[in-house]
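Visitor: Hi, I'm new to this one and would like a slow walk through it. Could you put it on screen for me?

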Amino acid sequence: MVLGNVFGQKKDAQLPAGKVDPILPGYFADPTIKKFGDIYYIYATTDNEMLASGVPTVWYSKDFEHWYNHTMEVPSLESVNLRNFWAPDIIEGSDGRYYLYFGNCQAGCNIYGYVSSSPVGPWEKLNEDDTPVIAHNYPKEGFPSLDAQFFTDDDGKIYAYWGTWVHYNGGYAVGELDSESMSRIKNPKNIPLEQTPEPFEAAYMMKKGSKYILMYSGGSCHDETYNVRYSYSDSPYGPFTPGVNNPILSSNDSGTVHGPGHHSVLEEDGSYYIVYHKHDYPMTRGGLSRQVSVDELIFENDSTIQQVVPGSKRPGKSIKSNVPPNLALNAKVSASSFYQLESHKYDYAYRPSFATDGYNATMWKAEDNSFPQSLTIDLGKPTHVKRIMTQFEFAGYYYQYKLEYSLNGKNWEVFADRSKNRIAGSPMIDDSDVTAQYIKLKVLDIEKTGLLAAVWNIKVFGSLFDVPLDIEGISSKQGPGTKSSHQKIVSINAQEVLAKNNSDNLVNKGSIGGIFEKKGEVSIYQKNGVAVFDFKKGALVLDQPVPKSLQWNGAFTVATWVKNPEISAEGECLLSWCDRFKFNLANSYNALHYNSGNYGAVAHLDTHFDMKFNNLPPANQWHHIVLTFDGVVEKMYVNGKLDNSQIMVLASQIENAKIRIGASDIGENFSGYMASLQMYDYALNEMDIQRLMEKTKPSESKN
């Protein structure tokens, strides 16, 4: 025990959620907060898809405590089907209309503009020919036009500030928005780097007295270095002087605020509040699943901001809410199952009680992606129930479910039947008029393949109340996600192929069947007594389509015996099965590799999301290499032992993909030997992996 405490690493478990609880139940980033009339609005990037490629969304509230989500109708471009709605901002024009702007990098990194008579849309294009409001290469060649924020000065002039990766691109940009068209920028210029030290992205302008405060984010949005900084000036164009106390918001020692940044500011009754995103806990790799928080922003004088204290007071506390008490708050709750997250870094349980604790930092999550899953609340006594509000994990995808009620926990009746629901939203609001002690939520299905039943909060009320806006989302045309067959879908073994003395008839022994076709140079022979596939510059490509159970966030296991005489720094793909080009940045690419580089084990197209080997398997030896994904955590096993792991969210596209052994869809050929490979559409556990390793071990490794 002493040695374990000295040399072992304590895993992260539950953090205190109360003082630093996110204000929104879900994964959202780059928040812009506005108040139109008596309603607060938060426009944000929808996270938890590859590179933040979720639907365009807005949250609204009257009391700053109870927030409602709406997926906005935004027309796409003619040239590309929009998949990214990054860092939105909105202006109320002098004509009483609302102007929405956001960034996208599918046709160059541009800022596009839209207009509506309502803050929530539906939206129309400002430029029917899809001309950006701020184009890529503006105001200079190579400048990416992203993260635009707009500021209206006292004289009515509107200024835009934009730029990302600005430490590579020579500083932020500023220009004046043409107030007549609201669709073009004039008088642009770059702000020199030295005026905003250590920048990255997300410029935000505000005015305090006579001073122009240019706030921005530094560090990297993917990790703990992300932070908020500021400079100030006497002019919207600068020159700017770096402020003191920088950074004013950064990761804290307790871990409750990790990677905070890309913010906006709300002024309310003479006080200021900074609304920003931070990483989720437990943290998804690369910052794919951020959450929105708010804290007070305190000025010492017009040009000096104090460092932000996380968990400080927020607006809305003095606002009288029309929402009655939540009868399910801290009520006893049980579930059909719950997910136990075990990785190198975390030992964390998504307990049923998290669904009734009232926090947006915690949730109940089922143990796997099977359905149905259920959550049962005990209100403690017979209670009059008229409304139930459920905040599912993803506000942008629909859930199909039923709500039932009972007085004795044995005889159940239907409170609400959403078993055929195809409308996304958060919270989902269901009304009836019953007396019950027990409430049961049955999650029957989810729009996206591979996602688990999960609930941030479920709230129960004894009376009805008005919601700030009477709007409803559009029904999805997509059916629910494909379920796992829970089978071995691919299996091929060099020894079995040689035994049949027909190396051209490569039958897949897995459940999806088919024949592996040789593409390029592939040989099958005995190597030091072991039957091997030798790929040289070739691959084995299955003639069957990739199963739909592997699309999106589908679980999987890949297991293979390999020997690599020389380990390269890149390439060396053992198996690939996704179309990495389908939606470009919105894609998730998943492939198993065996190299010493950044994605030594798993490639996701970007080093911020890839997973390398912690301990690179030595060259010229046989190794059993296994990659699993259960819908939450990727795990890499080498010779039956866990080598690396990471929390990950996938957006796998398989429509035109092929299961390809020994290479990827762009080459990256494996230069070593392979004895066998198996693939499953579910995650094997460690004991299963060790059994499979013994069962499939090639003969040389037994000596």
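Guide: What follows goes through a strand, some salt bridges and the open and enclosed spaces, and please keep in mind that this is a predicted model.

Visitor: Okay, strand 45 first: how many of its residues are buried?
Guide: Eight of the eight residues of strand 45, which covers residues 673–680, are buried, so this strand is largely enclosed by the rest of the structure.

Visitor: And which strands pair with strand 45?
Guide: Strand 31 (residues 488–493) pairs with strand 45 in the antiparallel sense over five bridges, and within that pairing S491 has Q678 as its bridge partner. Strand 37 (residues 556–563) also runs antiparallel to strand 45 and is joined to it by seven bridges, while strand 35 (residues 530–534) is antiparallel to strand 45 with two bridges.

Visitor: What are the bridge partners of D534 and K563 in strand 45?
Guide: D534 is partnered with Y673, and K563 has Y673 as its bridge partner too.

Visitor: Switching topic, how many salt bridges are there?
Guide: The count comes to 25 salt bridges, including one between the side chains of K207 and D153, at 3.1 Å from N to O. That pair links distant parts of the chain, 54 residues apart, with K207 in strand 13 (residues 201–208) and D153 in the loop between strand 9 and strand 10.

Visitor: Are those two buried or partly exposed?
Guide: K207 counts as partly exposed because its relative accessibility is 22%, whereas D153, at 8%, counts as buried.

Visitor: What about E668, which residue does it bridge to?
Guide: E668 forms a salt bridge with R580, their closest N and O atoms being 3.1 Å apart. E668 sits in the loop between strand 44 and strand 45, and R580 in the loop between strand 38 and strand 39, so the pair ties together parts that are 88 residues apart in sequence. Both E668 and R580 are buried.

Visitor: Now the spaces: what is the volume of the largest pocket, and what lines it?
Guide: The largest pocket holds about 1,400 Å³ of space. It is lined by 42 residues, and the closest to its centre are V55, R83, E447, K448 and Q478. By class, that lining has 15 nonpolar, 17 polar and ten charged residues.

Visitor: And the largest cavity, which residues lie nearest its centre?
Guide: Y27, N48, T284, K365 and E393 lie nearest the centre of the largest cavity, among the 23 residues that line it. Its volume is about 250 Å³, and its lining has 14 nonpolar, six polar and three charged residues.

How values were computed. Residues numbered from 1 in each chain as written. Predicted model: local features only at pLDDT ≥ 70, side-chain atom pairs only at ≥ 80, totals over all residues. Heavy atoms only, no water. 1 Å grid on protein atoms, 1.4 Å probe; cavity = no way out; pocket = protein on both sides within 12 Å on 5 of 7 lines; lining within 4 Å. Points joined across faces, edges and corners; volume = space filled by probe spheres on them. Nonpolar A, V, L, I, M, F, W, Y, C, P; charged D, E, K, R; others polar. Buried < 20%, exposed > 50% of the residue type's maximum accessible area, 1.4 Å probe, protein only. Helix = DSSP H or I, 4+ residues; strand = E, 2+ residues; numbered from the N terminus. Pairing = 2+ DSSP bridges. Salt bridge = Lys/Arg side-chain N within 4 Å of Asp/Glu carboxyl O.
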